[in-house]
Amino acid sequence: MWYLCVFFHRLLDYRKPEVESLAYLFGVNDALEWKLPKHHHPDSPFHFVNLPSEDIARSIANRSILVKGMYEVWGEGSSYEELEKAIRSYPDDQMLPYLSSDATFKITVDSFGKVFSFQEQNDRIKGLSYIPFKGRVNLKNPDHKFWLIETDDYGVNNGLPPVAERRIFFGREIGAADRKLIPTYQLKCRNYLGPTAMDAEVAFLMANQALVEPGKLVYDPFVGTGSILVAAAHFGAMTMGADIDIRVVRDGRGPDTNVWSNFKQYGLQMPIGLLRADNNLPPWRPGLKEVFDAIICDPPYGVRAGGRKSGGRKLLKGVVDPYTVPDDKRVGHIPSTAPYCLSECVHDLLDLAGRMLVMGGRLVYFYPVLREDSMRNPFPEHPCFKLVASSEQILSSRYSRVLLTMVKIGPYTEEIAETARRKHLEFRENHLKWLEDGNLHSSVFAPADPQVTAAGDLKLSKDPKPKYRGKYV
């Protein structure tokens, strides 16, 4: 059955992949069918989606972060006359169960791109008097919620995706996202924070992309202050993390301000373990395989913080020999580290995921791209994985980060590892030179070209009206 899926107008690239992932989580194995309402832009928050049942639609909407509401549409039109005609022609056997005298109801008037006054909302509700509601109105806790949603031809220069014609929808709410999660888990209320802590909204989106649910084991090899694992634990998963900085995972800022305190703050299940471990030298036994159901992480790519690996510059250059820390000096010892470029980090991450994820498990991680090179730079590949979603988040005029969702489709063997190594070397040679040793940081923070700036200023002076911002939301 077709349902109207209304999204929050933000993180545009993340919206459909989240719904598709949740549909798979709730048992829909086939690809979803999508279609746009008449005259709507592809970035419009209004989409029709074909789902097998109302229960699945409700489960998706209630679990989602970006779905404002999922609705069974009783009628739509370009005018209120057309809307009335459509509602009157809707099958009675599908309407009457929700209009009975023993059921309470509520009608909400909503819009996109404009605001209705209280009087205008009341007038529109009174205009629905031809619908034979027999029950009582209950504004606080109704049995059924109905929505009247209107869009209009408000032009193309107001920063919103253009709509060529007025469109009005009326339908019954099936489910809606619990946006209370966002203020509850927002970073400014978090007990322990670091400079690269993941935003709560994005962390929940990553958990949904990874199909997190109770009973699954989720691992973050760059755990930091634990923001991603907090989101996974909220959905009932068992969690485990690692970080190369022992001061983060062991000490924090004291006994009551550390990674563990973030889980305690929200009453979540504590992680199974937090390790001091190096993504370049993973601590797992050689024969250990297929342990984790999902690996979710934000690798260090050198804009806010650069990656580090064990060894130190002198050790890696062969200036000093490998050494063993004496037993009497191990307490409080901070191992030396060296720079860890993103290309090597991603290769090690894919190798770790190929070895340690169960079949069908998901790897969800961020990957940076320079915007002018984004079309020329493909994403990393691995023989064990299939890319199922890529969602771009524009962070500045110069660079973006793309959330990559990969599914494990094949077993990990030594032959596969060798093939992956050759692919990595080829990929690094052809596509990743700009990511080596701080080049991304230089590209992001380099001074702007004066000629480009002048041209941009001239363009702004000629066209002062704000254009549709697309993914800048």
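A charge sits over a ring if NZ of Lys or CZ of Arg is within 6 Å of the ring centre and within 35 degrees of the ring normal. The model is predicted: local features need pLDDT of at least 70 and side-chain atom pairs pLDDT 80 or more, while totals for chains, interfaces and linings use all residues. Residues are numbered from 1 along each chain as its sequence is written, and side-chain values use heavy atoms, with hydrogens and water left out.

**Exercise 1.** Identify the ring over which the charged end of arginine 172 sits, and place that ring among its aromatic neighbours.

*Solution.* Step 1: the charged end of arginine 172 sits over the ring of tyrosine 98, 3.9 Å from the ring centre. Step 2: rings of Phe, Tyr and Trp (its six-membered ring) pair if their centres lie within 6.5 Å; planes under 30 degrees apart are stacked, over 60 edge-to-face, and the rest tilted. Step 3: such pairs link Tyr98 into a cluster with Trp74, Tyr90, Phe105, Phe133, Phe146 and Phe170. A further charge over a ring is that of arginine 401, whose charged end sits 4.1 Å from the centre of the ring of phenylalanine 366.

**Exercise 2.** Classify the ring pair of tyrosine 219 and tryptophan 284, and locate both residues.

*Solution.* Step 1: the structure holds 19 aromatic pairs. Step 2: in the pair of tyrosine 219 and tryptophan 284, the centres lie 5.6 Å apart and the planes stand at 75 degrees, so the pair is edge-to-face. Step 3: helices (H or I, at least four residues) and strands (E, at least two) are DSSP runs, numbered from the N terminus. Tyrosine 219 belongs to strand β8 (residues 217–220), and tryptophan 284 to the loop between β10 (273–276) and β11 (292–297), so that the pair links parts of the chain 65 residues apart. Step 4: buried means under 20% relative accessible area, exposed over 50%, and partly exposed in between (1.4 Å probe, protein chains only). Tyrosine 219, at 3%, is buried, and tryptophan 284, at 18%, is buried also.

**Exercise 3.** Is lysine 309 buried or exposed, and which side chain does a polar contact join to that of lysine 309?

*Solution.* Step 1: lysine 309 lies in strand β12 (residues 307–310). Step 2: its relative accessible area is 12%, so lysine 309 is buried. Step 3: a polar contact (a pair of N or O atoms within 3.5 Å; within protein, one must be able to donate a hydrogen and the other to accept it, and residues adjacent in sequence count only if both atoms are side-chain atoms) of 3.1 Å joins the side chains of lysine 309 and glutamate 344.
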